[in-house]
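Visitor: Could you take me through this model by way of a few questions about its strands, its rings and its charged pairs?

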Amino acid sequence: MSAPGLHRALPVPDGLEGQRVDQALTRLFGLSRAVAAQLADTDRVWVDGRVRGKGDRLSGGSWLEVELPPPPVEAPPPEPVPGLTVVHDDDDVVVVDKPVGVAAHPSPGWDGPTVVGGLTAAGYRISTSGAAERQGVVHRLDAATTGLMVVAKSERAYTVLKAAFKERTVDKGYSALVQGHPDPSRGTIDAPIDRHPRHDWRFAVVSGGRPSVTHYEVVEAFAAASLVDVRLETGRTHQIRVHFSALRHPCVGDATYGADPTLAARLGVSRQWLHAVRLGFAHPADGRRVEFTSDYPDDLAGALAILRAES
């Protein structure tokens, strides 16, 4: 997750009564309309303590809070990323299998390798659409989450894919190893997510947060954990981790969201057991459906092997 920007709070001036959130931010802080809309779309605008969307209307005197963008990130020189595998490449998109310890793009406070930097170093053309530090990136994975990501190469692909993610027509499938045994073994978690009320570097299920929907099915059960197939209907930051933590079944190895460190240590897992195993979308060039799958990396596969041997 990017480092937080400048937090500002003030009452809504009476002159902005009835204005859209993005319009008001543009007038108050001199932001472009696109940047103002992006802040609202990424849960960085609150009115009277509740997250608000870019099209919501304001009332004079309401308490407006906004996390303004941090200073622009000077991207480090692109460097090859060991283990970053290209599984598909054409004129419009490149699909990669991301290893652990690699962020999607440069951000304040992150000086490690990135998908964007690795692709650039390898000679891949990336779309210039999007914020300067995340050009071509239409969705992200946490640095500690492995698996499939698609990056736009053409400007048309960026526009089409951003719309597809917004309209929820992209199939995002994950495998997660969670503590214990979710009950029921197949279900839907429909619980709004927002920043944690006390720790803004974490997220939590919060009344009034952004709608967040996770579908899951237990595919293999062990004595202390369950392998779960997960399909995301929405794509909030840390959504799978937050939702399963809220169920009291955090991802194995996810100390941020309450996982038992002794189980992770016994299984040799040093990060959350979470892998983006499936990715499907309509290709921007012709609308043809394309599907990609990814095998588990060695550390996650090794943990499963231990559990299966014990069963």
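Visitor: In the hairpin of S14 and S15, which residue takes a positive phi?

Guide: The model is a predicted one, and in it S14 and S15 run antiparallel, joined by 5 bridges. The hairpin that these strands make has 6 residues between them, and the residue there with a positive phi, near 80°, is Gly287.

Visitor: Which residue in S15 is the bridge partner of Leu279, and is the face of S15 to which that partner belongs covered or uncovered?

Guide: The bridge partner of Leu279 in S15 is Phe292. The uncovered face of S15 holds Arg289, Glu291 and Thr293, whereas Val290 and Phe292 make up the other face, so the face asked about, by the listing of these residues, is the covered one.

Visitor: Is Val170 buried or exposed?

Guide: Val170 is found in the loop between helix H4 (155-166) and strand S8 (171-179). Leaving aside residues up to four places away in sequence, Val170 touches Ala164, Phe165, Leu279, Gly280, Phe281 and Arg289. Its relative accessible area is 6%, and because the cut-off for that class is under 20%, Val170 counts as buried.

Visitor: What is the order of the strands in the open sheet formed by 4 strands?

Guide: The edge strands, each of which pairs on one side only, are S1 (6-11) and S3 (50-51). Strand S2 (residues 45-47) runs antiparallel to S3 and is joined to it by 2 bridges, with Val47 standing opposite Arg50. Helix H1 (residues 21-29) lies across S1, S2 and strand S4 (63-68), at about 75° to S4. The pairing in this open sheet is antiparallel, and the order is S1-S4-S2-S3.

Visitor: Why is the pair of Tyr216 and Phe244 edge-to-face?

Guide: The structure holds 3 aromatic pairs, and in this one the ring centres are 5.6 Å apart. Tyr216 lies in strand S12 (residues 213-221) and Phe244 in helix H5 (residues 239-246), 28 residues apart, and both are buried. Planes over 60 degrees apart count as edge-to-face, and this pair meets that condition because the angle between its planes is 70°.

Visitor: Which residue of the aromatic pair formed by Trp273 and Tyr296 is partly exposed?

Guide: The two rings are edge-to-face, 5.1 Å centre to centre with 75° between the planes. Trp273 sits in the loop between helix H6 (261-267) and strand S14 (274-282), and Tyr296 in the loop between strand S15 (289-293) and helix H7 (298-310). Trp273 has 0% relative accessibility and counts as buried, whereas at 27% the partly exposed residue is Tyr296.

Visitor: How many residues apart in sequence are the parts that Arg210 and Asp43 tie together?

Guide: Arg210 forms a salt bridge with Asp43, the closest N and O atoms being 2.4 Å apart. Arg210 is buried at a relative accessible area of 18%, and Asp43 is buried at 8%. Because Arg210 lies in the loop between strand S11 (203-205) and S12, and Asp43 in the loop between H2 and S2, the parts tied together are separated in sequence by 167 residues.

Visitor: With which residue does Asp229 meet in a salt bridge?

Guide: Asp229 lies in strand S13 (residues 225-232), and its partner lies in strand S14, 49 residues apart in sequence. Asp229 is partly exposed, with a relative accessible area of 24%, and the partner, at 25%, counts as partly exposed. The N to O distance is 2.8 Å, and the partner is Arg278.

Notes
Residues numbered from 1 in each chain as written. Predicted model: local features only at pLDDT ≥ 70, side-chain atom pairs only at ≥ 80, totals over all residues. Heavy atoms only, no water. Pairing = 2+ DSSP bridges. Contact = heavy atoms within 4.5 Å. Axes fitted to C-alpha atoms, helices over the stretch in contact; angles between N-to-C directions. Phe/Tyr/Trp six-rings, centres within 6.5 Å; stacked < 30°, edge-to-face > 60°. Buried < 20%, exposed > 50% of the residue type's maximum accessible area, 1.4 Å probe, protein only. Salt bridge = Lys/Arg side-chain N within 4 Å of Asp/Glu carboxyl O.
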